[in-house]
Structures are given as C-alpha cells and as structure tokens.
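Here are a few notes to go with your look through this one. Keep the viewer open while you read.

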Amino acid sequence: MPTKPGSEGIRVQNLSRVLTLLHHRGPLSRADLTRLTGFNRSTVGALTAELARLGLAYETEPAAAGRAGRPSPRVHPNESVAVLAVHPDVDAVTVGLVGLGGKVHRKVRCTAACPSVPETVEIARAAVGGMAPALAAMDRVIGVGAAVPGLVDSSDGSVRLAPHLGWENEPLAAALGTALGLPARAGNDAALGALAESTFGAGVAQKNVVYLNGSASGIGGGAVVGGVPLSGADGYAGELGHTLVRTDGLPCHCGRRGCLETEVNLPGLLKALGLKSADLDELEAAMRTQNSPGFRQTAGRQLDLLGEAVVNLVNIFNPRTILLGGFLGALWTFDPERLRTVVAQGAIGGLGRTVEIRRAALGADLLLVGAAELAFAPLLADPASYRLNLAEPGQ
C-alpha cells in the first residue's frame, strides 16, 4: 500500500479496499460494501462515485427487492480495464487478455517446444497483435503479468532458473515490457495458481490450503497458512514438485532421485494414452475414453505416488484443503477414491481422514488469472494515482 500523509493516505487505502473487494468478489451492492468495509453509507457512495469517475467501476440499478425502502445500487468492477497474461511452458506459450474481476476475455495457445525468452516475447507480441479486435473493445490495458515454471525474482521479474525451459538469469519481465509497451511483472506459475484459486476459485475464504499444479514442465505449488500465502525469504517457496516420493526413483534435474515431478508427470500419462501432446481439455477427453490395462497401471501408479507427496504436505502444513490443478486435477478425477485412501492411511494423527482433496476450479484459465493478478496489483493498491499506461500494446 502506498504511504501518503494524513487524509490522502486514508483516501488511498479506502479506494484500494473498495476496488479490491469488487475485483475479488464481483458486483456488490453499496449496502454490501458498507457491511464489508465498515465505512458509513456516505463514504461508500463517495468512493464508488470516484471509482466510476476513474473508469474502474460502474453502477446499475438493482432488481426489485420486493420490500419497502429504496434498494441499494449494485457496483461492478469494470471488466474492460484489462491486463495481458503470458504463460510460457515447455510445449506452448499461452497469452490471455484478462479484465478486472478475473474475466478472461481472450486466450491464445501457441505451440512451441521449449521456447527461449526471445521466442516467448515474439510469440507474445504476435498473439497480442492477433487480439486487435478484443483489445479495441477494452477501455484500458494497463500491464503485463507472466507466470513462469521456475524461480522468479519478484523484485524485477527476472527468471533466476527455469530448468525445464533452459532459462537462467533471464530478464523476462523487462523484455516483455519493452516488446508490448506496458509495465510487466513475472512470478512463479504454481504460486500464482495458488493465488488465483484462493482469490477466485476453490480456495476462496479458506485460510489453510495447499495447492499443487501439474503442467508439461513439472509440478509446483503454494501454501496458504492462517490466511497468509507463504513466499519464502527470497520469494522462491512452493517448489513442492521436489518433495521426495521414491528413494530409488528416477533422476531429477535437481540432482536427486525420486522427486514428485519426475515420478508423476504429464509425458508419462500422454505416452500411456498414445498421445504426443494435448492441452488439458484434450487430456481429460482421452482419459475418459481410454480403458487399456497399460494406462490404468500408469495412472494408478502416479496416483499412489501423488498420494505420498500429499501425505507429506498434510503432515507439514495441516491444511483444511488440498487443491489439485493442471494435469493433477485430471489425474485425481480419474480415480479420486484411490488418492483419498492413500492420504487417509498415511498421514499422522488421522489428519489424512479430515483433509478435503478437491480439484482446482479455474481449469485452463488458472495461470492466466494468476499472472493477471501481478499486473493488477499496482492499480489495486492505489487506484487514483497509479499512472495508467494508455499506449497501444505491441507498439
């Protein structure tokens, strides 16, 4: 939150509070905002009027309530204030246009094998150019957020290490910002997925959650403990894919053997399905129709090893909920009872019988929504004075 003196500082905080509520919860009545913020009605009215003047929110008349008294207007986040989201992975670069409220207006997935940073930037530039009609329909495009499968320095958006992509000390955020003409930020994809699910998906209002995401490049995650996302001393927390699940397992690029992401992986599932590549929807469709003994054996083995990792996470974090995203969500759906049994039998003190295992709710949009949160952060922190960049993206 920006630090400003006196009444101006209070105004900044109040505007931020209201816009953040609208962004995270969607349309709310003025009465809802009064209740949630603790502000009085006149203050809420003044704040929503200022957000409307800034083009960040708008009001609509409520439906007839069927009771005496004037119903409270509904306040909406302006979904046409948007950001660009970029997710590079070992098999594709996905680019999205995401509006306030987490609405994905447009999404393009461009197949690419282990793209370099220059290739990622060029693919993003081309994808944004192809979104011209969608961009023209927006009121403002204010920034870029990137979700990367690797260690990202949150201070400058540089990728310290993304081993599956072969990146090391790459200034991704700076390169995207220069190419697209917008302020850019970058973060770890799994941590951003956890943020998105906690904000818009299956983890809303939950204070103790562990999230695991599986993609073509491996497995990562994030933990929310007591309502606080764990980021680590340098912002690198969440490398849950390197949880040990098999002491005599396959060698991992980290130098150890038997890490979760080497034993439970998308290429193994695709091979068992007879596929070379597939997006999440295609993977699920194939898993629903495939009934060969070889596939069932592969999926069962991966579920058992995933269960070993989940047992460790339950023992360490004592979460109320485990959320599974990406291909892990599809794997869970294949045989949820098998995973529940492994966790129930393995965790200490009966914790495995009380933890809820659920699939992430945002599906294929998850990482784009998470990346967008990075780009929206400055606007949400200070709606009135944040300098909106109105340059055409890609120019």
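The points below cover confidence, the nonpolar cores, the salt bridges and one odd aspartate.

1. First, how far to trust it. This is a predicted model, and the chain averages a pLDDT of 90, with 94% of the residues scoring at least 70. Go easy on residues 387-392, though: pLDDT stays under 50 there. For that stretch the model has 12 contacts beyond four places in sequence.

2. Next, the inside. The largest nonpolar core has 42 residues, and L22, L33, L51 and F376 touch the most other members. Several elements each supply at least two of its residues, among them helix 1 (6-25), helix 3 (41-53), strand 4 (81-88) and helix 7. Helix 15 gives the largest share of this core, 11 residues. In soluble globular proteins, nonpolar side chains tend to be buried together.

3. L22 is a handy place to start browsing that core. Leaving out residues up to four places away in sequence, L22 touches L28, L33, L51, A57, V75 and P77. There is also a second, separate core of 39 residues, which includes V210, V264, L280 and L324.

4. Now the charges. The structure holds 16 salt bridges. One of them joins R160 and D156, whose closest N and O atoms are 3.7 Å apart. R160 counts as partly exposed because its relative accessibility is 28%, and D156, at 40%, is partly exposed too.

5. R301 and E263 are worth zooming in on. Their closest N and O atoms are 2.5 Å apart in a salt bridge. The pair links distant parts of the chain, with R301 in helix 11 (residues 293-317) and E263 in helix 8 (residues 260-263), 38 residues apart. Is each end buried or partly exposed? R301 is partly exposed, with a relative accessible area of 36%, whereas E263 is buried at 1% relative accessibility.

6. Helix 11 has another link to offer. D304 forms a salt bridge with R338, the closest N and O atoms being 2.8 Å apart. D304 lies in helix 11 and R338 in helix 13 (residues 336-346), so this pair ties together parts 34 residues apart in sequence. D304 is partly exposed at 27% relative accessibility, and R338 is partly exposed at 33%. Elsewhere, salt bridges that share partners join R246, D248, E263 and R301 into one network.

7. Finally, the odd one: D189, in helix 7 (residues 189-200). D189 is buried yet has no salt bridge, and the nearest side chain of opposite charge, R109, is 12 Å away. What does D189 contact, leaving aside neighbours within four places in sequence? The answer is H87, A147, V148, P149, S215 and L367.

Methods. Residues numbered from 1 in each chain as written. Predicted model: local features only at pLDDT ≥ 70, side-chain atom pairs only at ≥ 80, totals over all residues. Heavy atoms only, no water. Helix = DSSP H or I, 4+ residues; strand = E, 2+ residues; numbered from the N terminus. Buried < 20%, exposed > 50% of the residue type's maximum accessible area, 1.4 Å probe, protein only. Lys, Arg positive; Asp, Glu negative; His and termini not counted. Salt bridge = Lys/Arg side-chain N within 4 Å of Asp/Glu carboxyl O. Contact = heavy atoms within 4.5 Å. pLDDT = per-residue confidence, 0-100. Core = buried A, V, L, I, M, F, W, Y, C linked by side-chain atoms within 4.5 Å.
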